[in-house]
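Subject: A structure for you to explore

Hi there,

Here is the structure I promised to pass on to you. Have a look around in your viewer first, and then read my notes below.

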Amino acid sequence: AQGMGFAVWCGDALGATAAFTIDVQDGAPHIANSPITLPMSYTNTGNALADGWNLVSNPLPSPIDFETMSLGADVDSVVYFYNPANGNSATYDRYSNLGDNGGTNVIQSSQGFFLKASGSAVTTTVSESDKINTNGGGIFGIGGQVPAHLRLSLSSDVNTFSDETVVYFTAGTPELDERDALKCGFAHSAAPQLATLASGAQIAINAYGSIDGAISIPLRVNVGVTGTYVISGVEAEGLELNCLSIEDLETGIVASLENGATYSFTMDAAADPDVPRFVLHANNGPESSFTADNTTVVVGQPVQFTATSTTGNHAWSFGDGAQSTEQDPAHAYTMAGTYTVVHTVDDGLCSMSTSVEITVELSTGVATSATTTTHVWANRDWILVDHNYQGVEPLLIEVLDATGRLQAQRKVAAFPGR
């Protein structure tokens with residue numbers, strides 16, 4: 001039948017097959033002068049997570065756009081492909097424009113793919129207008145406006161297989177709902193699998209909904225080969241929460257996933273895949289704000305810095321090479337200039353930094369005295385100093401520039417004059 005899908009394995013060695021050619025188009029190409037209905041059905045066994053999976057294919061002799069296909073009223077807006085490169089199913093959700101494992105909206109000619117139905121209204125068609133003028137794409141490109149999201153990956157040195165799961169925050173709820181893309185279990189037996197959990201279901205692309213505070217999402221891991229595996233946060237786009245960590249429920253370890261950090265763990269292939277192994281945590285991290293009692297001072301005048309938060313480890317960089325690990329340090333500058341002070345708070349998982357500029361000026365006059373006064377005038381050719389100092393030793397007059405460097409120096413008699 002037009003649009004029927006098949007899952008086959010062929011080759012001369014697992015993972016090392018020599019190149020060969022298969023003709024998957026028998027006879028004249030199909031032209032959708034009228035929409036071609038894909039052969040889909042729905043059987044209700046009472047298991048909503050297992051029911052409704054249909055393996056179909058693109059019957060046209062060119063790539064088609066999943067975004068424009070007409071789906072049955074009970075067909076999810078998600079397409080699933082098998083990606084042999086990582087041994088898992090790639091997912092693409094046309095509602096969110098998000099994909100995992102390289103899944104996109106492009107379906108190549110004769111490409112087999114899964115669709116999932118939740119009821120009997122399964123009439124899904126492919127039309128000539130769904131064709132796109134490109135031979136690129138497939139599960140190796142993506143388009144559309146991508147919402148704020150987090151992408152986690154699972155890999156190992158055991159083999160070259162890997163997996164991904166995605167959470168986005170512009171639609172849906174923390175519970176299982178119609179915006180979530182379920183995990184497709186079609187995978188290589190040796191490939192690891194990673195999914196978030198919602199209401200007991202495994203989710204490939206989790207529409208978590210808007211964030212109004214710290215969140216915690218359980219993660220399910222299943223491996224086909226005993227060994228050491230690595231979880232990493234490979235994308236964190238547009239998130240309001242900036243501190244990501246993962247909690248290993250088996251070992252009790254909590255590890256940061258900030259800035260591409262990874263977490264390594266061992267797992268037995270016989271471990272129960274239905275028991276969550278991890279919890280993903282996201283929050284705003286430590287508070288790094290602080291106050292300075294003055295942002296404009298003169299050389300030698302201390303600035304008192306006070307951290308807003310009393311938790312975590314504090315690190316200060318004052319911009320002149322000096323540093324401090326005190327919570328509320330004071331610092332005085334020896335030269336005039338503008339300095340950027342950076343305050344970093346690290347809670348062991350995440351860090352946050354804020355900064356402020358401090359302007360340091362030279363003193364604009366001589367120290368006050370009850371019996372002496374000094375006046376200074378200058379133009380481009382000369383500097384005139386009027387004083388009434390009197391003493392035995394000569395009076396030393398120095399001229400400094402705005403950076404505190406000595407430009408001129410002269411000794412004069414220590415009695416009132418100019």
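Let me begin with one cut-off: a residue is called buried under 20% relative accessible area, exposed over 50%, and partly exposed in between. Glu128 has a relative accessible area of 30%, so Glu128 is partly exposed. Please keep in mind that this is a predicted model.

**Salt bridges**

Glu128 is a good place to start, as Glu128 forms a salt bridge with Lys131. The closest N and O atoms of Lys131 and Glu128 are 3.1 Å apart. Lys131 is partly exposed too, because its relative accessibility is 31%.

How many salt bridges does a search of the whole structure find? There are six. Another one of them is between Glu235 and Arg151, where the closest N and O atoms are 3.1 Å apart. This pair links distant parts of the chain: Glu235 sits in strand β16 (residues 227–237) and Arg151 in strand β10 (residues 149–156), 84 residues apart. Is each partner buried or partly exposed? Glu235 is partly exposed, with a relative accessible area of 29%, whereas Arg151 is buried at 10%.

A further salt bridge joins Asp163 and Lys183, with 2.6 Å between the closest N and O atoms. Here, too, distant parts of the chain are linked, since Asp163 belongs to strand β11 (residues 163–168) and Lys183 to the loop between β12 and β13, 20 residues apart. Both Asp163 and Lys183 are buried. In addition, salt bridges with shared partners connect Arg151, Glu164 and Glu235 into one network.

**Around Lys183 and Thr124**

Let's stay with Lys183 for a moment. The loop that holds Lys183 runs between β12 (181–182) and β13 (193–198). Lys183 has 10% relative accessibility, so Lys183 counts as buried. Leaving aside neighbours within four places in sequence, the residues in contact with Lys183 include Trp53, Asp100, Glu164 and Ile203. Cys184 is buried as well, with a relative accessible area of 5%.

Thr124 is another loop residue to look at, found between β8 (112–116) and β9 (125–126). Thr124 is buried because its relative accessibility is 0%. Which backbone atom does the side chain of Thr124 reach? The side chain of Thr124 reaches the backbone nitrogen of Gly72, at 3.1 Å. Not counting residues up to four places away in sequence, Thr124 also touches a set of residues that includes Ile36, Met40, Val75 and Leu115.

**The disulfide**

A search of the whole structure finds one disulfide. Which two residues does a disulfide join? Cys243 is joined to Cys350, with an S to S distance of 1.9 Å. The disulfide is right-handed, because the torsion about its S-S bond is about 85°. Cys243 lies in strand β17 (residues 243–248) and Cys350 in the loop between β27 (337–346) and β28 (351–361), so you can see that the pair links distant parts of the chain, 107 residues apart. Cys243 is buried at 3% relative accessibility, and Cys350 is buried with a relative accessible area of 3%.

**Strands**

In a regular strand the side chains alternate between the two faces of the sheet. You can follow this along strand β24 (residues 313–317). His314 and Trp316 point to one face and are buried, while Asn313, Ala315 and Ser317 point to the other and are not.

Which way do β24 and β27 run relative to each other, parallel or antiparallel? They run antiparallel and are joined by five bridges. His314 stands opposite Val345 in β27. β24 also pairs with strand β25 (residues 323–324) in the antiparallel sense, over two bridges, and Ser317 has Gln323 in β25 as its bridge partner. The hairpin of β24 and β25 has five residues between the strands, and Gly319 takes a positive phi near 90° there.

Lastly, there is an open sheet of three strands, with the order β21-β23-β26 and antiparallel pairing. β21 (290–292) and β26 (330–331) stand at the edges with a single partner strand each, so one side of each has no neighbour in the sheet. β21 pairs with strand β23 (residues 303–307) over three bridges, and Ala292 stands opposite Phe305 in β23.

Enjoy exploring!

Best wishes

Conventions. Residues are numbered from 1 along each chain as its sequence is written. This is a predicted model: local features need pLDDT of at least 70, side-chain atom pairs count only at pLDDT 80 or more; totals for chains, interfaces and linings use all residues. Side-chain values use heavy atoms; hydrogens and water are left out. Helices (H or I, at least four residues) and strands (E, at least two) are DSSP runs, numbered from the N terminus. Buried means under 20% relative accessible area, exposed over 50%, partly exposed in between (1.4 Å probe, protein chains only). A polar contact is a pair of N or O atoms within 3.5 Å; within protein, one must be able to donate a hydrogen and the other to accept it, and residues adjacent in sequence count only if both atoms are side-chain atoms. Contact means heavy atoms within 4.5 Å. A disulfide is a pair of cysteine sulfur atoms within 2.5 Å. Two strands pair if DSSP finds at least two bridges between them. A salt bridge is a side-chain nitrogen of Lys or Arg within 4 Å of a carboxyl oxygen of Asp or Glu.
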